[in-house]
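Colleague: I'd like to learn how to read a structure like this one. Could you take me through it, one question at a time?

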Amino acid sequence: MWIYEKKLEYPINIKKPDPKLAQLIISQLGGPDGELGASMRYLNQRYSMPYRQVTGVLTDIGTEELAHLEMVATILSQLTRNLTPEEIEKSGFATYFVDHTTGVYPVSAAGVPFDMKYIGVKGDAIADLSEDMAAEQKARVTYDNLIRLIDDPDVCDPIRFLREREVVHYQRFGDALRVVQEQLDARNFYGWNPEFDKVQKK
Amino acid sequence: MNERQKLMQKIQACCFVLTETGLYLDTHPSCRKALRYFEKYRRMRDEAVRQYEQRYGALTYTGADTANGWNWVTEPFPWEA
């Protein structure tokens, strides 16, 4: 089970509201490569994973993604504090505001609500870990694109931290894939699926 | 039920009391009876967790053994029972 800790993984203290920027950063909450999809992807992939080291990686990264979800939501909440109706209208935030006020609702930058279709659970160790590595890279690119659009260092700093974590997670999933492949037949990695077929132990 | 399962059941029971009482306290923050109840089970939980982690392996990262390798990924996950 999970226990909530009343702290952020990395400090966030944004002084200047910027609803236009919030509307872009929200993609890392509810977009196709966002933190909500990431946590659900890894945590759901765990149950059929037969290697505990890999289950550990999926558990620990999936849990950290929940903390990232909270960080992104914190950025959004701080970027949309104390707004006047004029600021809301001028910034283009009105299209979000009309449905969600300044509440945090998972949508993409284009306003598409979160969809579980963004995530993959194939039940095959190589396919799932390859998907996870791609997912981390796609999230890294989204953060890179956001960094190009952000001027405020108070916003940029935690976004850079989140971007860095994507790189680290990519590395760890790479390790996990290696752990899986070491258990399989190097002449034919696809000879059996260790999540389904009875594997002959090497 | 073996000793490990018994101790786990005690932790589950204590933690559930904390979940339930904590939830009640969220909306009744000055209820002295509930506060005392919470405190009693928190002590019981802390002691049970300490014993469990010493004997059977980590429940969280912070309880992991570092003297004999990283036992976080050697002990079974809960759905493997």
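What follows is a chat about this predicted model, working from whole chains down to single residues.

Colleague: Let's start with chain A. How many helices and strands are there in it?

Modeller: Going from the N terminus, the elements of chain A read α-α-α-α-α-α-α-α. Its C-alpha atoms fill a box of roughly 65 × 35 × 30 Å along the principal axes. The count for chain A is 8 helices and 0 strands.

Colleague: What share of the residues in chain A is buried?

Modeller: A residue counts as buried if 20 or more other C-beta atoms lie within 10 Å of its own. Chain A has 202 residues to test that way. The buried share of chain A is 32%.

Colleague: And what about contacts in chain A: of those with a separation of 6 or more, what percentage comes from residues 24 or more positions apart?

Modeller: Here we set aside the contacts with a separation below 6 and look at the rest. Among those, the share from residues 24 or more positions apart is 75%.

Colleague: Now chain B. Is it compact like a globule or more spread out?

Modeller: Chain B comes to 2 helices and 0 strands. For its 81 residues the globule rule gives 12 Å, while the radius of gyration is 15 Å, well over that, so chain B is more spread out than a compact globule. Along the principal axes its C-alpha trace spans about 45 × 25 × 20 Å. In a word or two, chain B is more spread out.

Colleague: What percentage of chain B counts as buried?

Modeller: For contacts in chain B between residues at least 6 apart in sequence, 39% join residues at least 24 apart. As for burial, out of 81 residues in chain B the buried part is 4%.

Colleague: Where the two chains touch, which class has the most residues on the side of chain A?

Modeller: The contact takes 5 residues from chain A and 5 residues from chain B. On the side of chain A there are 1 nonpolar, 1 charged and 3 polar residues. With 3 residues, the class you want is polar.

Colleague: Let's look at some helix pairs. How do H4(A) and H8(A) run relative to each other?

Modeller: Helix H4 (residues 52-79) and helix H8 (residues 153-183) of chain A have axes that come within 11 Å and cross at roughly 165 degrees. Angles over 145 degrees count as roughly antiparallel. That makes H4(A), relative to H8(A), roughly antiparallel.

Colleague: What is the handedness of that crossing, and which class leads in the contact of H4(A) with H8(A)?

Modeller: The crossing of H4(A) and H8(A) is left-handed. Residues making the contact include A:Val57 and A:Ile61 of H4(A), and A:Leu162 and A:Phe173 of H8(A). By class the contact has 3 polar, 2 charged and 12 nonpolar residues. So the handedness is left-handed, and the class with 12 residues is nonpolar.Colleague: How far apart are the axes of H7(A) and H8(A)?

Modeller: These two helices pack at an angle of about 165 degrees, and H7(A) and H8(A) are therefore roughly antiparallel. Their crossing is left-handed, and the residues of the contact divide into 17 nonpolar, 3 polar and 7 charged. The distance between the axes of H7(A) and H8(A) is 9 Å.

Colleague: Is A:Leu129 buried or exposed?

Modeller: A:Leu129 is found in helix H7 of chain A. Leaving out residues up to four places away in sequence, A:Leu129 touches A:Phe173, A:Ala176, A:Leu177 and A:Val180. It has 25 other C-beta atoms within 10 Å, which means A:Leu129 is buried.

Colleague: What separates the C-alpha atoms of A:Leu129 and A:Leu177?

Modeller: Along the chain, A:Leu129 and A:Leu177 are 48 residues apart. In space, their C-alpha atoms are separated by 6.1 Å.

Colleague: And where does A:Asp124 sit, and which residues does it contact beyond its neighbours within four places in sequence?

Modeller: A:Asp124 is in the loop between helix H6 (94-100) and helix H7 (125-149) of chain A. With 16 other C-beta atoms within 10 Å, A:Asp124 is partly exposed. Beyond those neighbours, it is in contact with A:Asn193 and A:Glu195.

Colleague: Last one: what is the phi of A:Asn82?

Modeller: A:Asn82 lies in the loop between H4 and helix H5 (85-91) of chain A. A:Asn82 has 7 other C-beta atoms within 10 Å, so it is exposed. Although A:Asn82 is not a glycine, its phi is positive, at about 50 degrees.

Key: Residues are numbered from 1 along each chain as its sequence is written. Chains are lettered from A and ligands numbered from 1 in the order in which they are written. This is a predicted model: local features need pLDDT of at least 70, side-chain atom pairs count only at pLDDT 80 or more; totals for chains, interfaces and linings use all residues. Axes are lines fitted to C-alpha atoms, for helices over the stretch in contact, and angles run from 0 to 180 degrees between N-to-C directions. Angles under 35 degrees count as roughly parallel, over 145 as roughly antiparallel, 65 to 115 as roughly perpendicular and the rest as oblique. A crossing is left-handed if the near helix is turned anticlockwise from the far one by less than a right angle, and right-handed if clockwise. Two residues are in contact if their C-beta atoms, placed from the backbone, lie within 7 Å. Ala, Val, Leu, Ile, Met, Phe, Trp, Tyr, Cys and Pro count as nonpolar, Asp, Glu, Lys and Arg as charged, and the others, Gly among them, as polar. The radius of gyration is taken over C-alpha atoms; the globule rule is 2.2 Å times the number of residues to the power 0.38. A residue is buried if 20 or more other C-beta atoms lie within 10 Å of its own, exposed if 12 or fewer, and partly exposed in between; C-beta atoms are placed from the backbone.
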